[in-house]
Amino acid sequence: MGWIFGYGSIIWNPSFEYLERAVATAPGWKRRFWQGSTDHRGVPENPGRVVTLARDRRQICVGMAFRVCPSELERITDELDYREKGGYVRRQLLLDLQDGRQVEALTYVAERDNPNYLGAAPPTALARQILGAVGPSGENIDYLQRLACVLRELGVDDPHVYGLEELCRSLTSR
């Protein structure tokens, strides 16, 4: 079986056909807006911020696992390799599905040594960068708001995402 784990835009826009989808948790990982986006939600002169996974044995990242047809897995990963070309690498993660199953899934992680990795920053700086960035896939704030919305729909508690969303809201209402 081929499984793919989405923790960012793949949750709401998988862009591939799947046989099954399930809420999944990745123990030992947290979602953070630490990856620069120069090809989707920003441009090289003004990168946006998108999420990546960061190791943290005390955390659990909730996302969506998609089971894909094994005969389509190579085509789908080729497409995802192109989509995630801005610094992400493939990783296999062990996931816990909401129904109790454990599966191994392919996901994409932006590691510190890629040229678009921006790392941690003060929340206000992250929010200002998100508010000021636009790329071929649209405004960076749209990415943040869509992610926050889908996480709420899934019942996920993600203070990092919700805190940035609230900070962006407060900065634009001044």
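Reader: Hey, which residues in α4 meet α5?
Author: On the α4 side they are I141, L144, L147, A148, L151 and R152, and they meet V161, Y162, L164, E165 and C168 in α5. Contact here means heavy atoms within 4.5 Å.

Reader: What kind of model am I looking at?
Author: A predicted one, where local features need pLDDT of at least 70, side-chain atom pairs count only at pLDDT 80 or more, and totals for chains, interfaces and linings use all residues. Residues are numbered from 1 along each chain as its sequence is written, and side-chain values use heavy atoms, with hydrogens and water left out.

Reader: Ok, back to that contact. How do its residues divide into nonpolar, polar and charged?
Author: The contact of α4 with α5 has nine nonpolar residues, no polar ones and two charged. Nonpolar covers Ala, Val, Leu, Ile, Met, Phe, Trp, Tyr, Cys and Pro; charged is Asp, Glu, Lys and Arg; the others, Gly among them, are polar.

Reader: And at what angle do α4 and α5 pack?
Author: About 130°, with the axes of α4 (residues 140-153) and α5 (residues 159-172) 10 Å apart. That makes α4 oblique to α5. Under 35 degrees is roughly parallel, over 145 roughly antiparallel, 65 to 115 roughly perpendicular, and the rest oblique. Axes are lines fitted to C-alpha atoms over the stretch in contact, with angles from 0 to 180 degrees between N-to-C directions.

Reader: How do α3 and α4 cross?
Author: The axis of α3 (residues 123-132) comes within 6 Å of the α4 axis, and the two cross at roughly 115°. So α3 and α4 are roughly perpendicular to each other. Q129, I130 and L131 of α3 make the contact with N140, I141 and L144 of α4. By class, that contact has four nonpolar, two polar and no charged residues.

Reader: What about α3 and α5?
Author: Their axes come within 9 Å and cross at roughly 70°, which makes α3 roughly perpendicular to α5. From α3, P123, T124, L126, A127, R128, I130 and L131 meet H160, L164, L167, C168, L171 and T172 in α5. This contact of α3 with α5 holds nine nonpolar, three polar and one charged residues.

Reader: New topic: how many residues line the largest pocket?
Author: 27 residues, and S9, H40, R83, E84 and Y143 lie nearest its centre. A pocket is an open set of points on a 1 Å grid over the protein atoms alone, where a 1.4 Å probe fits, with protein on both sides within 12 Å along at least five of seven lines; lining residues have an atom within 4 Å of a point.

Reader: Which element gives the most to that lining?
Author: α1, with three residues. Elements that each supply at least two include β1 (2-6), β2 (20-37), β3 (48-68), β5 (102-110) and α4. These are DSSP runs numbered from the N terminus: helices are H or I, at least four residues, and strands are E, at least two. The lining of the largest pocket divides into nine nonpolar, twelve polar and six charged residues.

Reader: Which residues are closest to the centre of the second largest pocket?
Author: Q59, I60, D157, D158 and P159, out of the 13 that line the second largest pocket. β2, β3 and α5 each supply at least two residues of that lining, and it divides into six nonpolar, two polar and five charged residues.
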